[in-house]
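Visitor: I'd like a close look at one part of this protein, rather than a tour of everything. Could you pick a helix, walk me along it, and then show me what sits around it?

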Amino acid sequence: MSRIFTVTFASVYPLYVTKVEKKGRTKAELDRVIEWLTGFDAAALDKHLTAGTTFTEFFAAAKLNPRASAITGTVCGVQVENIDDPLMRKIRYLDKLVDELATGKPLDKILRP
């Protein structure tokens, strides 16, 4: 089991916000990307942030977008689509979306129409 599974989402979320804001994107855009992937609206996301939900609990409660499997590419030197562990793949899907947002990819492309 990977250590990231027990890390709280609330401890990583500010790092995501900082990453995208440094590149001129907004927290609202980040939240929209998270909602697209997980189905969590602003209220549900806030609930997870204040509850100290771990990544395991966060993704267990999520309704993953059916188009999430269209997320491909490399994160941390690993092809996302080749990750065997389902939870790790979901975490890397999120990482990949955050990376795409931070690199300036248009939101309509990130959300995989």
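Guide: Here is a walk along one helix, followed by a few spots in the helices and the loop around it. Keep in mind that this is a predicted model.

Let's take α2, which covers residues 27–38. Its 12 residues carry the chain 16 Å from the first C-alpha to the last, close to the 16 Å you'd expect at 1.5 Å a residue. Now look at which of its side chains are tucked away: Leu30, Asp31, Val33, Ile34, Trp36, Leu37 and Thr38 are buried. And what do those buried residues pack against? They meet α1 (9–22), α3, α4, α5 (86–102) and α6 (107–110). Right after α2 comes Gly39, and its phi is positive, near 85 degrees.

Carry on along the chain and you get to α3, residues 42–51. At its start, Asp41 points a side-chain oxygen to within 3.2 Å of the backbone nitrogen of Ala43. At the other end, α3 is followed by Gly52, again a residue with a positive phi, this one near 75 degrees.

Then there's Thr53, sitting in the loop between α3 and α4 (55–61). Is Thr53 buried or exposed? Its relative accessibility is 8%, so Thr53 counts as buried. Its side chain has a polar partner, too: a contact of 3.1 Å links Thr53 with the side chain of His48. If you skip the neighbours within four places in sequence, the residues touching Thr53 are Val7, Thr8, Phe9, Ala10, His48 and Phe58.

Two of the helices that α2 packs against, α1 and α5, deserve a stop of their own. In α5, find Asp95. With a relative accessibility of 13%, Asp95 falls under the 20% cut-off, so it counts as buried. The Asp95 side chain makes a polar contact of 2.8 Å with the side chain of Tyr16. Beyond its neighbours within four places in sequence, Asp95 is in contact with Tyr16 and Val75.

Over in α1, have a look at Thr18. Thr18 has a relative accessible area of 42%, so it is partly exposed. Measure it against Ala102 in your viewer: the two are 84 residues apart in sequence, yet their C-alphas lie 9.7 Å apart in space.

Technical notes. Residues numbered from 1 in each chain as written. Predicted model: local features only at pLDDT ≥ 70, side-chain atom pairs only at ≥ 80, totals over all residues. Heavy atoms only, no water. Polar contact = N/O pair within 3.5 Å; in protein donor to acceptor, adjacent residues only side chain to side chain. Helix = DSSP H or I, 4+ residues; strand = E, 2+ residues; numbered from the N terminus. Buried < 20%, exposed > 50% of the residue type's maximum accessible area, 1.4 Å probe, protein only. Contact = heavy atoms within 4.5 Å. Expected span 1.5 Å × (residues − 1).
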